[in-house]
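The following exercises are to be worked with the sequence and the coordinates side by side. Each task is followed by a solution in steps.

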Amino acid sequence: MEGIRGKHFSITDPQGVSTVIYRVNKTEKEYLNNAPKYTVERLISAEELNGNLKKKTFFINEPEYEEQLVILSFGKDKVVVNMGVLEDNKVKVSKKPIPIKFQTLYSEEATEYKEFKYTPNLKRPISIIDPETTEEVKPILYFDEQTNEIKGKCKLKPNKSYFAFEIREKKDN
């Protein structure tokens, strides 16, 4: 345990709400030509029940001075999206959320979601979540010999909704 460096913080979910938090990583300059500018990484959490409330403790391994966070709270038939920053040992949630592009995916047939690139350290720019369980849909990795890149695809079940989001750089136009 001596080699683990990290921080943790806790939140309490009301009944019927499940919160997941993602760390936003900026891709290193040497990889930017062949990789997305931002990737997302889901934080590991531990749950503790306290009556009807769930206390979740989130862990960030080897944090930077300031960590950008995407906070997703899944309730019945809706998702609340917030941005936050972990500074020192405090999480500050933005009062004015930063615009985030997300979409609900739904299909009548089993389908594969579009291909997406990975960075050389196997981080990805897109996360697809099952809103009922708040679990990520794990992508199937493969090597594209034509482009010489590692890519991923997610298999989606028919007649089921999914929540997908991606962090992108804001463009002026």
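## Exercise 1: The sheet that contains β1

In this predicted model, β1 and β5 pair in the antiparallel sense over 8 bridges.

**Task.** Determine the strand order of the open sheet of 3 strands and state which strands stand at its edges.

**Solution.**

Step 1. Begin with a residue pair: Gly6 stands opposite Asn61 in β5.

Step 2. Extend the pairing to the third strand. The order is β1-β5-β4, with antiparallel pairing.

Step 3. Identify the edges. β1 (6-13) and β4 (44-50) each have a single partner strand, so one side of each is left without a neighbour in the sheet.

Step 4. Add the geometry. On average, neighbouring strands of this sheet are turned by 20 degrees against each other, direction ignored.

## Exercise 2: The sheet of 5 strands

**Task.** Establish the order of the open sheet of 5 strands, and describe how β6 is joined to β7 and β7 to β8.

**Solution.**

Step 1. The order reads β3-β2-β6-β7-β8, and the pairing is antiparallel.

Step 2. At the edges stand β3 (38-42) and β8 (90-93); each has a single partner strand, so one side of each lacks a neighbour in the sheet. Neighbouring strands here are turned by 35 degrees against each other on average, direction ignored.

Step 3. Examine β6 and β7. These strands pair in the antiparallel sense over 10 bridges, and the bridge partner of Leu69 in β7 is Gly84. The two strands form a hairpin with 2 residues between them, and Asp77 in the turn has a positive phi of about 60 degrees.

Step 4. Proceed to β7 and β8. These antiparallel strands are joined by 4 bridges. In β8, Lys92 is the bridge partner of Val85, and Lys90 stands opposite Glu87. This hairpin also has 2 residues between its strands, and Asp88 takes a positive phi near 50 degrees.

Step 5. Relate the pairs to the general rule: strands of a sheet pair through backbone hydrogen bonds, either parallel or antiparallel.

## Exercise 3: Positive phi in two loops

**Task.** Locate Glu62 and Asn159, and decide from the accessible areas whether Glu62 and Asn159 are buried, partly exposed or exposed.

**Solution.**

Step 1. Glu62 is placed in the loop between β5 (53-61) and β6. Phi of Glu62 is positive, near 50 degrees, in a residue other than glycine.

Step 2. Asn159 lies in the loop between β15 (155-156) and β16. Although Asn159 is not a glycine, its phi is positive, at about 55 degrees.

Step 3. Apply the cut-offs: buried is under 20% relative accessible area and exposed is over 50%. Glu62, with a relative accessible area of 49%, is therefore partly exposed. Asn159, with a relative accessible area of 49%, is likewise partly exposed.

## Exercise 4: Nonpolar cores

**Task.** Describe the largest nonpolar core and find the position of Val70.

**Solution.**

Step 1. The largest nonpolar core has 14 residues; Tyr22, Val70, Leu72, Ile129, Phe163, Phe165 and Ile167 have the most contacts inside it. At least two residues of this core come from each of β2 (18-26), β3, β6, β7 and β16.

Step 2. A second, separate core has 8 residues, including Ile21, Phe58, Leu69 and Ile71.

Step 3. Val70 lies in strand β6. Its relative accessible area is 0%, so Val70 is buried.

Step 4. Compare sequence with space. Val70 and Ile167 are 97 residues apart along the chain, and their C-alpha atoms are separated by 9.3 Å.

## Exercise 5: The second largest pocket

**Task.** State how much space lies in the second largest pocket and which residues lie nearest its centre.

**Solution.**

Step 1. The second largest pocket holds about 340 Å³ of space.

Step 2. The lining has 17 residues, of which Gly75, Asp77, Lys78, Pro131 and Glu132 lie nearest the centre of the pocket.

Step 3. Assign the lining to elements: β6 (66-75), β7 (78-87) and β16 (162-166) are those that give two or more residues to it.

Step 4. Classify the lining residues: 5 are nonpolar, 7 polar and 5 charged.

How values were computed: Residues are numbered from 1 along each chain as its sequence is written. This is a predicted model: local features need pLDDT of at least 70, side-chain atom pairs count only at pLDDT 80 or more; totals for chains, interfaces and linings use all residues. Side-chain values use heavy atoms; hydrogens and water are left out. On a 1 Å grid over the protein atoms alone, a cavity is a set of points where a 1.4 Å probe fits but cannot get out, and a pocket is an open set with protein on both sides within 12 Å along at least five of seven lines; lining residues have an atom within 4 Å of a point. Grid points are joined across faces, edges and corners, and a volume is the space filled by probe spheres set on the points. Ala, Val, Leu, Ile, Met, Phe, Trp, Tyr, Cys and Pro count as nonpolar, Asp, Glu, Lys and Arg as charged, and the others, Gly among them, as polar. Two strands pair if DSSP finds at least two bridges between them. Axes are lines fitted to C-alpha atoms, for helices over the stretch in contact, and angles run from 0 to 180 degrees between N-to-C directions. A nonpolar core is a set of buried Ala, Val, Leu, Ile, Met, Phe, Trp, Tyr and Cys residues joined through side-chain atoms within 4.5 Å. Buried means under 20% relative accessible area, exposed over 50%, partly exposed in between (1.4 Å probe, protein chains only).
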